[in-house]
Amino acid sequence: MEILACAHCGGTLTRPLTRVRFPPYAHYPVGNGHPMPVLMDAGTYAVDPAPDPGPAGWLLLAPGDATGTVLVRERAVIACCGITGDNLSCAACLRPVGSRDDECSFWQAVWLDPGAVRAVPAGPDRPPAGWAELVHDRSGPLPVSEWGRWDERCEQETTLALAHLIAAADGHPVRIEHGHAAELLGPQLARHLRTATGPAKRCTLHGPDLPPTGLRPDLALVPLHPHTGEVWPAPPGARAVPLHVEVWRHLAFHDDRPAVRIGHRLRAELARDDPQPPSRGYWLWTDTRLLHDTLARLPAVRGPAFRATPDALSRDSGY
Ligand SMILES: [Zn+2]
């Protein structure tokens, strides 16, 4: 773990944090005037790896973890519903250290300037959650509403998976052999692969505690570890398509399993005390720019096979 400290005075800016995967959609606003949740989990931080569209090296964390900072109202940019701008200072010396984003359509977050902070070792990282714990985690609200609408992070993560699925199709149609996954991804996939030709590639859900279907899939939607970025291996002969475990486990088990005990962790024993509303199906709002940008970074998409699959994209109006 690290504590992020002021590079000028050494003052502690955060509580001890564990570095995790950078969410590739951190710079992508959602909707227009849409209230947004906190992006990062408490106790974690990520480092922005890419200069595009933002500067590299900035440190991203949950606002509640920036315990040693103060908001400087004079430097805040007043936006329609909140504030942005270089509005955070070290609480000890008052030098600028970064920004607190609290504005509609932007993820609730603190961004610390790599030129103004330094990471100080603060003991070993907490061990990352194991797959069994992740797959059986029943804490927190459901990621999908009774109307089939997913929360913002799940939607962006699913858009990333859709991009990987389009690339893995390699110009072929794709048939998703899992009902919930087909419901969520099928319409968008068909739209983006509508001129695909040749035999359909078969795609299944594959991962921990999910019984094998007996099919020999070409593509496998496998869980992506939210903190380490690790991807569960695909079955032999199949290509892995990573899908954030929060979405994956809901599709795989539909959150209707009986509670199970994992070790001595209380969180895995939690059972919801009210019955789940009946599912009314799933639908996916995709961030067109995130989808385009993700596809552009995938080598397979730049090959000739993909040029046969035009992306007739238009911005969806989900918000
Ligand atoms: Zn300072």
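1. Two strands are said to pair if DSSP finds at least two bridges between them. Strands themselves are DSSP runs (E, at least two residues), and helices are runs of H or I with at least four, both numbered from the N terminus. By that rule, strand β14 (residues 219-224) pairs with β15 in the parallel sense, over six bridges. One place to look is Val 222, whose bridge partner in β15 is Pro 242.

2. Before you go on, please keep in mind that this is a predicted model: local features need pLDDT of at least 70, side-chain atom pairs count only at pLDDT 80 or more, and totals for chains, interfaces and linings use all residues. Residues are numbered from 1 along each chain as its sequence is written.

3. Now the wider sheet. It is open, with four parallel strands in the order β12-β13-β14-β15. At its edges lie β12 (174-176) and β15, each pairing on one side only. From one strand to the next, the twist averages 30° (angles run from 0 to 180 degrees between N-to-C directions of axes, which are lines fitted to C-alpha atoms, for helices over the stretch in contact).

4. At the β12 end, three bridges join β12 to strand β13 (residues 201-205), again in parallel. Here Arg 175 stands opposite Arg 202 of β13.

5. Is β15 mostly covered or uncovered? Strand β15 (residues 239-244) is mostly covered, with five of its six residues buried. Buried means 20 or more other C-beta atoms within 10 Å of the residue's own, exposed means 12 or fewer, and partly exposed is in between, with C-beta atoms placed from the backbone.
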